[in-house]
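Biologist: Could you walk me through this model and tell me what stands behind the labels you use?

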Amino acid sequence: MSRSNMRSYKLARPAVDRLRSLPYKFINRTFAVLCFLPSPSMSTVDAVKSLSQVLGAVADSLAVAESPAVALLHDEAVGAEISTRLRGPNSGAGDDNLCRWLYDTFQSNDPDLQLVVLKFMPTVAGVYLSRAVSRQPLAGFEAVLLALYAYETVTRGNEAESLTLPDLSNPSVYHEGKASPKKSAAELTVAVLSPVLEPYGTVRSTKRARIVGVALELYYNKISSMPPSSKLAFCEFCLAWVWQGQKTCEAKEESGDGKEPEPAPARSYNVPFPWELFQPAIRIVGHCLLAPSSSEELKAVAYTAVERLYLRATHDMKPQEILAARSLLRLGKMPGDDIAEPTITANSEYSEEALKKSAQLA
């Protein structure tokens, strides 16, 4: 290293150290992420020890578990304590130790520990979106979201997420006529699920929905490994994100006396819900509603969330969102495919006695 570079490093390093020690309100928004500079890769034991320093005695039982990462993912007491702290009034600031732990844990590149961080993504995204509209300083939440966004950007490798749709104009292989059609170059219909990701170092208001949406897409990719409490939290936040004024409209229809009813109590925030957020949200809620492993409680909350998403889409008059939510509503109302069991009589060749005889002959 040259003398000039060494001198610049010596001057810059103390400045960064001082910057990390300051509260967020004294830090410019451009340098908010510097509060969470990358740390060396941590092991599962180190992650549990650092979490015990943040939570206290609640996380002490994880140290003696056979698999601390798996125990941390499914421990209800620790999960409830982390969710409660993330919902606290002072959470998400630049000096939030819990957000720092989430950031460092995800940067460890340990798949099991990354699942633990994704478990709390519904709470992080829900609280962040709810408070971001009031322009509160939330550098801690933004650092965690940017870490997930950067991870997904590197994983995709400057490519969009897309799928190829079948071309219905081509004849089916099962219904070909005697005269073979003229061979021509097949035109593939490509549907883009998620465009190419651009690298971002800060969270701006114009890019907020995109960054949070990508974090939710990453959560959806791992949703089969998420515990039910995490899925239930996401559905509950969906109910809080969407517009609450539809209760007044329903009251008008039910009253029928022509009088103006009192408006229903609405929440103090109204989260913008563009397609970048709506698409991963409807996919996550759809999994909660249609997955065979979902409990009845989760399905009920998920169906209510779909109804609210549909009302929000009709209020915003967005055809793409209306079509997606309405289709999911119809799927949720469809009864299950009950396959009737065949009636087997005593004289049937498939009766228990007939099967025993055929087994003896064999």
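**Labels and the values behind them**

Biologist: Let's start with Glu217; which element is Glu217 found in?

Modeller: Glu217 is found in helix 9. Before going further, please keep in mind that this is a predicted model, in which local features need pLDDT of at least 70, side-chain atom pairs count only at pLDDT 80 or more, and totals for chains, interfaces and linings use all residues. Residues are numbered from 1 along each chain as its sequence is written, and side-chain values use heavy atoms, with hydrogens and water left out.

Biologist: Thanks! What counts as a helix or a strand here, and how many does the chain have?

Modeller: Both are DSSP runs numbered from the N terminus: helices are H or I with at least four residues, strands are E with at least two. The chain has 15 helices and two strands.

Biologist: Why is Glu217 called buried or exposed?

Modeller: Buried means under 20% relative accessible area, exposed over 50%, and partly exposed in between, using a 1.4 Å probe and protein chains only. Glu217 has a relative accessible area of 4%, so Glu217 is buried. Of the 362 residues of the chain, 39% count as buried.

Biologist: Which residues does Glu217 touch?

Modeller: Contact means heavy atoms within 4.5 Å. Not counting residues up to four places away in sequence, Glu217 touches Arg156, Glu161, Ser194, Arg210, Gln279 and Pro280.

Biologist: Gln279 and Pro280 bring us to helix 12. What makes helix 9 parallel, antiparallel, perpendicular or oblique to helix 12?

Modeller: Two packed helices are described by the angle between their axes and the distance between the axes. Axes are lines fitted to C-alpha atoms, for helices over the stretch in contact, with angles from 0 to 180 degrees between N-to-C directions. For helix 9 (residues 208–221) and helix 12 (residues 275–290), the axes come within 8 Å and cross at roughly 20°. Angles under 35 degrees count as roughly parallel, over 145 as roughly antiparallel, 65 to 115 as roughly perpendicular and the rest as oblique. Helix 9 is therefore roughly parallel to helix 12.

Biologist: And which residues make that contact?

Modeller: Helix 9 contributes Ala209, Arg210, Val212, Gly213, Leu216, Glu217, Tyr219 and Tyr220, while helix 12 brings Glu276, Leu277, Gln279, Pro280, Arg283, Ile284 and His287. They divide into eight nonpolar, three polar and four charged. In this scheme Ala, Val, Leu, Ile, Met, Phe, Trp, Tyr, Cys and Pro count as nonpolar, Asp, Glu, Lys and Arg as charged, and the others, Gly among them, as polar.

Biologist: How do helix 7 and helix 8 cross, and what is that arrangement called?

Modeller: The axes of helix 7 (residues 121–132) and helix 8 come within 10 Å and cross at roughly 125°. That angle falls outside the other classes, so helix 7 is oblique to helix 8. The contact is made by Met121, Val124, Val127, Tyr128 and Arg131 of helix 7 with Phe141, Glu142, Val144, Leu145 and Leu148 of helix 8. Those residues divide into eight nonpolar, no polar and two charged.

Biologist: Now the rings, please: how many aromatic pairs are there, and what is the pair of Tyr149 and Tyr200 called?

Modeller: The structure holds five aromatic pairs. Rings of Phe, Tyr and Trp (its six-membered ring) pair if their centres lie within 6.5 Å; planes under 30 degrees apart count as stacked, over 60 as edge-to-face and the rest as tilted. With centres 5.4 Å apart and planes at 25°, the pair of Tyr149 and Tyr200 is therefore stacked. Tyr149 lies in helix 8 (residues 139–156) and Tyr200 in the loop between strand 2 (189–194) and helix 9, 51 residues apart. At 2% relative accessibility Tyr149 counts as buried, whereas Tyr200, at 21%, is partly exposed.

Biologist: What makes Trp275 and Phe278 a stacked pair?

Modeller: Trp275 and Phe278 are 6.1 Å apart centre to centre, with 20° between the planes. They are three residues apart in helix 12, which means a separation of about one helical turn. Trp275 is partly exposed at 26% relative accessibility, and Phe278 is buried at 0%. Ring pairs link Phe273, Trp275 and Phe278 into a cluster.
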